[in-house]
Amino acid sequence: MIYVFDDFELDSRRAELRRKGTTIPVEPRVFSLLCLLVENRDRVVPREAMIENVWDGRFISEAALSTAIHGVRRALGDDGTAPRYLRTIRGRGFRFVAPVDLQAGPRSVAGIVAAGPVRTGEQSPLSGRPGIAILPFRLLGDPGDHPALAEAIPAELISALSRLRWLAVVARGSTFRFQPARRSRWSSATPLQRVIA
């Protein structure tokens, strides 16, 4: 999705801010903050929501947030005293106030999979975020005393990646349905081998 306001285009899929077709260099956190504000233009975005979404809830100083807000205003050529785009709502947060038009971005060969807003990379069409599915591993050779590794490693990857707010991770229950049926060493053995063992 491309958000258009005045001479600006905010292309969340390509992570670009353009003015009259010229790309404006913007730091990643400033770009993420601008996307958050434009996507939530119908409401006041409190500081806590900015910290939660842009900095993943990590502790940051007030100066870091002020610097990012200043970066947004600088990229847009906006002024805090007579704002055209970003208004400070004292004691509550910030609000993007310019009228915004939505424009569908160009579709890739993959069509639906590559359309819609995203910060970086390709995205899931449902969430507007890049998506990933971790499938269960298949053990090669004799697992010995560690047959659970084929499930433990992908489960740990899913758990770790799901902490990234910008990434949509398919749930373990959905991806583990593709796991081949577990076979014991007896299921592939002939009747004679079972007797000998």
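Two strands count as paired if DSSP finds at least two bridges between them. Keep that in mind as you look at this predicted model, where F8 has R19 in β3 as its bridge partner. Below is a quick tour: first the strands at the start of the chain, then the aromatic rings, then two spots with some surface exposure.

**Strands and hairpins**
- Strand β1 covers residues 2-5 and strand β2 covers residues 8-11, and the two pair antiparallel over 4 bridges.
- Looking across from β1 to β2, you'll find V4 standing opposite E9.
- The hairpin of β1 and β2 has 2 residues between its strands, and D6 there takes a positive phi near 50 degrees.
- On to the next neighbour: β2 is also joined to strand β3 (residues 16-19) by 4 bridges, and these two run antiparallel.
- That gives a hairpin of β2 and β3 with 4 residues between them, and A15 in its turn has a positive phi of about 55 degrees.
- As a general point, side chains in a regular strand alternate between the two faces of the sheet.

**Aromatic rings**
- Searching the whole structure turns up 5 aromatic pairs.
- One of them is Y85 with F96, a stacked pair at 6.2 Å centre to centre with 25 degrees between the planes.
- This pair links distant parts of the chain: Y85 sits in the loop between α3 (62-76) and β5 (86-89), while F96 belongs to strand β6 (residues 93-96), 11 residues apart.
- Are Y85 and F96 buried or exposed? Both are buried.
- Ring pairs also tie Y85 and F96 into a cluster with F5 and F8.
- F8 is worth a second look, then, as it's part of that ring cluster and also bridges to R19 in β3.

**A nonpolar patch**
- On the surface, F137, L139, L149, I153 and L157 make up a nonpolar patch, with about 400 Å² of accessible area together.
- To find F137, head for the loop between β8 (131-132) and α4.
- F137 counts as partly exposed because its relative accessibility is 36%, and partly exposed is the class between under 20% and over 50%.

**Around L164**
- L164 is in the loop between α4 (149-161) and β9 (168-169).
- With a relative accessible area of 29%, L164 is partly exposed.
- How many residues separate L164 and D56 in sequence? They're 108 residues apart along the chain, yet 7.9 Å apart in space, going C-alpha to C-alpha.

Conventions: Residues numbered from 1 in each chain as written. Predicted model: local features only at pLDDT ≥ 70, side-chain atom pairs only at ≥ 80, totals over all residues. Heavy atoms only, no water. Phe/Tyr/Trp six-rings, centres within 6.5 Å; stacked < 30°, edge-to-face > 60°. Buried < 20%, exposed > 50% of the residue type's maximum accessible area, 1.4 Å probe, protein only. Patch = residues over 30% accessible without salt bridge, like charges linked within 9 Å, V, L, I, M, F, W, Y side chains within 5 Å. Areas by Shrake-Rupley, 256 points an atom, 1.4 Å probe, with all protein chains shown as cover. Salt bridge = Lys/Arg side-chain N within 4 Å of Asp/Glu carboxyl O.
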